Amino acid sequence: MMTTPQNNHGLDPKDARSARPATIRLALLALATLCSLLLVYVALNQYLSHWFWRPTHTPLPLWWLIIPILAVSVGAVFLIKMTSFRPCINLLALILIGFAVQQGFALMEGRGINGIRDRMLHTGHALFAVEAVKQPNMLRVARHYQTLVETGELEVYPNATKPPGQLLFYMATERMSRLLPWASDNMLERMATFASFFWPLLSYFTLVPLYLLSRLYLDPKQAYVPCILYLCMPPVALITLHLDQCLYPFLFVTTVALFVHGVRLKKTALLFCAGVTTSVAVFVSFSLVILLPFIFLILALEVIPRVAWGRTGNSENRRQLLAHAALRLICYLSGAALVQGVFFLLLNYNVFENYRFSMSIHQGFRIEEWPLRTIVYIGCLDLLEFAIWSGGAVVSLAAVYAVRSCRRLQPSDDSCKPIVVSFCAVLLAMAFMGSTVAETARLWIFLTPLITLFASKELIAVFGLRSWFAAGTLAVLQVLNIFGIKMWQDFF
């Protein structure tokens, strides 16, 4: 039997020919990482008005922890590639690795658990924790939230721009912290200590719906690549003890995964559940209201191109396709409406009134007038900040994939196209119509799981058989990016 000749490195000639281009591409990713680090190091607040982040020089006496962090990040790649464990075991391992990475960067400050815990005790959102300790009745807060804000019983900042679910989650955390017999008698400190372990662990539960979503667009082994990249995203590792990081991505990706699986499998129960999670998400954060247009765009892009370009046969088939799409949308909206109805009847909560009240306050916090020039400038500023904090290498891969996907809307073999095109439309709408002034590194964290999915799609397409090596290299670049941000522009 004839065998394929191999070179001295154990590669067949086809792999050997691809070695040089692969090296060049990895060098370009390293260059993108270096560029993003240089932008992090520069005091951009001196050159760009409304730039949120101030340069910092965080003392890191335990800087050497970067070595084990790099080791476990690369080890995650080899764990998935070289083993054949069941998905539940792999995902549990990745969740624990992510938890270790997040805690490792906090421990670099040499202050023990305070490297994370102080975020709940001394930052702006610490006021949520203070209110959670002060408020004795969760049901009262849920039923009279807006009234409590208007009368001053709840502080206008930060409560006025949030729905009641935000404070209620803090209150639930405080109640759970009471189960710790060894914790401090100080209720606020006890809550912060509990959250310092529970919330970082919770933040990586996002890997479960991310993996299930990735399974639709990648093979079972490659579907872990987005999860591995998610472990190495700077906002996820550094913006700790905020619901933006530990809860919003989970709610966002869970909703998208339920809806897309429901469409693909024609399961109305999944579509209904996606509507339920949408309402729950909006009850926690109004920023997640973007799920509604996002889901609508995904469904529209699944159907309209096939109808418009005549891939569905005669007009009767087209009408049937549109009818099925309408039914799916009705199932989704029914789930959302049911939960809102329950909130209204049981909690006297009117989502439309509360949203209008919150947005009227939110828009006036930093900029009162929005001429066209300001809208364009702030939109570009928001995108720049989100890109820098997400990491030059990952953003470069995701951007290339997005541009290729958006070039043509006709039906194609890439089943991920409806999601990426919808993502681009929603991202641009958030940037130029959302009235958000910077700090998108935190406010848009819920989008990062999809960034890792798009980056993984491009990475696998570009590097082919070398994609696992490329994934390991990308994980190293991202960890170094996190380290640079930790030193020069850490979240405060």
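In this predicted model, helix α3 (residues 87-107) meets helix α11 (residues 207-214), their axes coming within 10 Å and crossing at roughly 130°. That angle makes α3 oblique to α11, and the crossing of the two is right-handed. On the α3 side the contact is made by Pro87, Leu91, Leu94 and Ile95, and on the α11 side by Leu207, Val208 and Tyr211. Sorted by class, the residues of this contact come out as seven nonpolar, no polar and no charged.

Helix α3 also packs against α10, again at an angle of about 130°, here with the axes 8 Å apart. This makes α3 oblique to α10 as well, and α3 passes α10 in a right-handed crossing. The residues that α3 brings to this contact are Ile95, Leu96, Phe99, Gln102 and Gln103, and they meet Ser196, Phe197, Pro200, Leu201 and Ser203 of α10. The contact of α3 with α10 divides into six nonpolar, four polar and no charged residues. Ile95 turns up in both places, in the contact with α11 and in the one with α10.

Back to α11, which has another partner in helix α15 (residues 248-265): these two pack at an angle of about 30°, with their axes 8 Å apart. They are therefore roughly parallel to each other, as angles under 35 degrees count as such. The crossing of α11 past α15 is left-handed. Here Pro209, Leu210, Leu212 and Leu213 of α11 meet a set from α15 made up of Phe250, Val253, Thr254, Val256, Ala257, Val260 and His261. By class, that gives nine nonpolar, two polar and no charged residues.

Turning to the rings, the structure holds 19 aromatic pairs. One of them joins Phe52 and Trp53 edge-to-face, at 4.9 Å centre to centre and with 90° between the planes. Both Phe52 and Trp53 are buried. Another pair is formed by Tyr170 and Trp199, whose ring centres are 5.1 Å apart and whose planes stand at 75°, so this pair is edge-to-face too. Since Tyr170 lies in helix α9 (residues 164-177) and Trp199 in helix α10 (residues 187-203), the pair ties together parts that are 29 residues apart in sequence. Tyr170 and Trp199 are both buried. They also belong to a cluster, in which ring pairs link Phe128, Phe169, Tyr170 and Trp199.

Phe128 of that cluster leads on to helix α5 (residues 126-134), where the buried residues are Ala126, Phe128, Ala129, Glu131 and Ala132. Among the elements that cover these buried residues are α4 (114-122), α8 (156-159), α9 and α10. Helix α8 itself has a backbone feature to look at: a cis peptide bond joins Tyr157 and Pro158, with omega about 5°. Pro158 has its place in α8. As a rule, most peptide bonds are trans, and most residues other than glycine have a negative phi.

Two residues go against the phi part of that rule. His50 has a phi near 70°, a positive value in a residue other than glycine. His50 is found in the loop between α1 (13-41) and α2 (66-82), and with 39% relative accessibility it counts as partly exposed. Lys266 likewise has a positive phi, near 55°. Lys266 sits in the loop between α15 and α16 (268-284), and its relative accessible area of 64% makes it exposed.

Farther along the chain, Tyr355 is found in helix α19 (residues 351-362). With a relative accessibility of 33%, Tyr355 counts as partly exposed. Leaving aside residues up to four places away in sequence, Tyr355 touches Phe286 and Val289. Tyr355 and Ser285 are 70 residues apart in sequence, and their C-alpha atoms lie 9.9 Å apart in space.

Notes:
Residues numbered from 1 in each chain as written. Predicted model: local features only at pLDDT ≥ 70, side-chain atom pairs only at ≥ 80, totals over all residues. Heavy atoms only, no water. Axes fitted to C-alpha atoms, helices over the stretch in contact; angles between N-to-C directions. Helix = DSSP H or I, 4+ residues; strand = E, 2+ residues; numbered from the N terminus. Parallel < 35°, antiparallel > 145°, perpendicular 65-115°, else oblique. Left-handed = near helix turned anticlockwise from the far one by under 90°. Contact = heavy atoms within 4.5 Å. Nonpolar A, V, L, I, M, F, W, Y, C, P; charged D, E, K, R; others polar. Phe/Tyr/Trp six-rings, centres within 6.5 Å; stacked < 30°, edge-to-face > 60°. Buried < 20%, exposed > 50% of the residue type's maximum accessible area, 1.4 Å probe, protein only.
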